[in-house]
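Work through the exercises below with the coordinates open. Each task is followed by a solution in steps.

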Amino acid sequence: MLLLFCVLFLLPLATHAAWWSWKPLAADWRRADWSSASLLPAAATESEATIHVFAARVGRWRGVFAHHSWVVVKEAGAKAYTRFDVVGWGNPVRVNHREADGRWFGNAPELVAEVKGDAAAVLIPRIREAVKSYGYSEYGTYAAWPGPNSNSFVQHVLAEVPELGRALPPTAIGKDWRESGLYAGLTPSRTGIQASLYGLAGISLGWVEGIEINLLGLVAGLDLRQPALKLPGWGRVGI
């Protein structure tokens, strides 16, 4: 068991920490690049409804093992995107806090999910309702670890709108957080089963989530739908 723990958790985390130490990182949030990563077209040129879920590495040493995620929607014909995410200062839930496809602490986001057209038009009202129903939107309810945090928020949206059919990166620490303590039931996507203890330890088996073993927020496992490894620090490694 100790050898398995070292191979699945400590070794990937240590190697990613060594790689991350060579990256040029902003010293603080004031000097970080928060500009658009140019992943989205100008909203005025995109006539159809769209939904995007993004995730980007967090700042400084925390980027070794964690992503920050957020949700972006645009109704058909709208002239601007609407971005929803949770932050760790002030009132947690923010609307258009940054550029829709903006870098996070200088780190370019990756696309987690994308839905366009009529399918997006149907789901956007439900996403807006999910944002309103998030239970930790008051000042002081944010906790970077184990949650609720930005990834707990986006996981809530994905659970309320399972038709999005995507899972957050394994490095989205806080996605498995549960205030109720011991949980046993369906995965957020409704395509498998999950058991969790406050999001600090657990296992998920699902078509969308794949196989995930969670220990103290770190996740190791396999992506079954698009074959890949899930490794602490590195995240999803594969196709």
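## Exercise 1: The main core

The largest nonpolar core of this predicted model has 26 residues, and those with the most contacts inside it are I51, I127, F153 and L164.

Task: find which elements give two or more residues to this core, and list the contacts of I127 beyond its neighbours within four places in sequence.

Solution.
1. The elements that give two or more residues are the strands β1 (50-57), β2 (67-74), β3 (82-86) and β5 (110-116), together with the helices α2 (118-133) and α3 (150-160).
2. Among these, α2 gives the most, with 6 residues.
3. With neighbours within four places left aside, I127 is in contact with I51, V71, V73, V157, V161 and L164.
4. Another core lies apart from this one; it has 19 residues, including A43, V58, A66 and F105.

## Exercise 2: The cover of α3

Task: determine how many residues of α3 are buried, and which elements they pack against.

Solution.
1. Take the cut-off for buried as under 20% relative accessible area.
2. By this cut-off, 10 of the 11 residues of α3 are buried.
3. The buried residues are S150, N151, S152, F153, V154, Q155, H156, V157, L158 and A159.
4. They pack against β1, β2, β3 and α2.
5. At the start of the helix, a side-chain oxygen of N149 comes to within 3.0 Å of the backbone nitrogen of N151.

## Exercise 3: The loop before α3

Task: describe the setting of N149 and find the cis peptide bonds that lead to P146 and P148.

Solution.
1. N149 is placed in the loop between α2 and α3.
2. N149 counts as buried because its relative accessibility is 3%.
3. Beyond four places in sequence, its contacts are V86, Y134, Y142, A143, A144, I173 and G174.
4. The peptide bond from W145 to P146 is cis, with omega near 0 degrees.
5. The bond joining G147 and P148 is also cis, with omega about 5 degrees.
6. P146 lies in the loop between α2 and α3, and P148 is found there too.

## Exercise 4: Positive phi

Task: S38 has a positive phi, and so does F105; decide for S38 and for F105 whether the residue is buried or exposed.

Solution.
1. Phi of S38 is near 60 degrees, and the residue lies in the loop between α1 (2-20) and β1.
2. The relative accessible area of S38 is 64%, so S38 is exposed.
3. Phi of F105 is near 55 degrees, in the loop between β4 (93-95) and β5.
4. F105 has a relative accessible area of 15% and is therefore buried.
5. Neither step concerns glycine: the positive value belongs to a residue other than glycine for S38 and likewise for F105.

## Exercise 5: The surface

Task: identify the residues of the nonpolar surface patch, then place W207 and Q226.

Solution.
1. The patch is formed by W19, W207, L222, L224, L229, W234 and V237, with about 660 Å² of accessible area together.
2. W207 is in the loop between β8 (201-206) and β9 (210-215).
3. W207 counts as partly exposed because its relative accessibility is 49%.
4. Q226 is in the loop between β10 (218-223) and β11 (228-231).
5. With a relative accessible area of 46%, Q226 is partly exposed.
6. The C-alpha atoms of Q226 and P170 are separated by 14 Å, with the two residues 56 residues apart along the chain.

Methods
Residues are numbered from 1 along each chain as its sequence is written. This is a predicted model: local features need pLDDT of at least 70, side-chain atom pairs count only at pLDDT 80 or more; totals for chains, interfaces and linings use all residues. Side-chain values use heavy atoms; hydrogens and water are left out. A nonpolar core is a set of buried Ala, Val, Leu, Ile, Met, Phe, Trp, Tyr and Cys residues joined through side-chain atoms within 4.5 Å. Buried means under 20% relative accessible area, exposed over 50%, partly exposed in between (1.4 Å probe, protein chains only). Helices (H or I, at least four residues) and strands (E, at least two) are DSSP runs, numbered from the N terminus. Contact means heavy atoms within 4.5 Å. A polar contact is a pair of N or O atoms within 3.5 Å; within protein, one must be able to donate a hydrogen and the other to accept it, and residues adjacent in sequence count only if both atoms are side-chain atoms. Patches are made of residues with over 30% relative accessible area and no salt bridge: like charges are joined within 9 Å, nonpolar side chains (Val, Leu, Ile, Met, Phe, Trp, Tyr) within 5 Å. Accessible areas come from the Shrake-Rupley method with a 1.4 Å probe; for residues, only the protein chains shown count as cover. A salt bridge is a side-chain nitrogen of Lys or Arg within 4 Å of a carboxyl oxygen of Asp or Glu.
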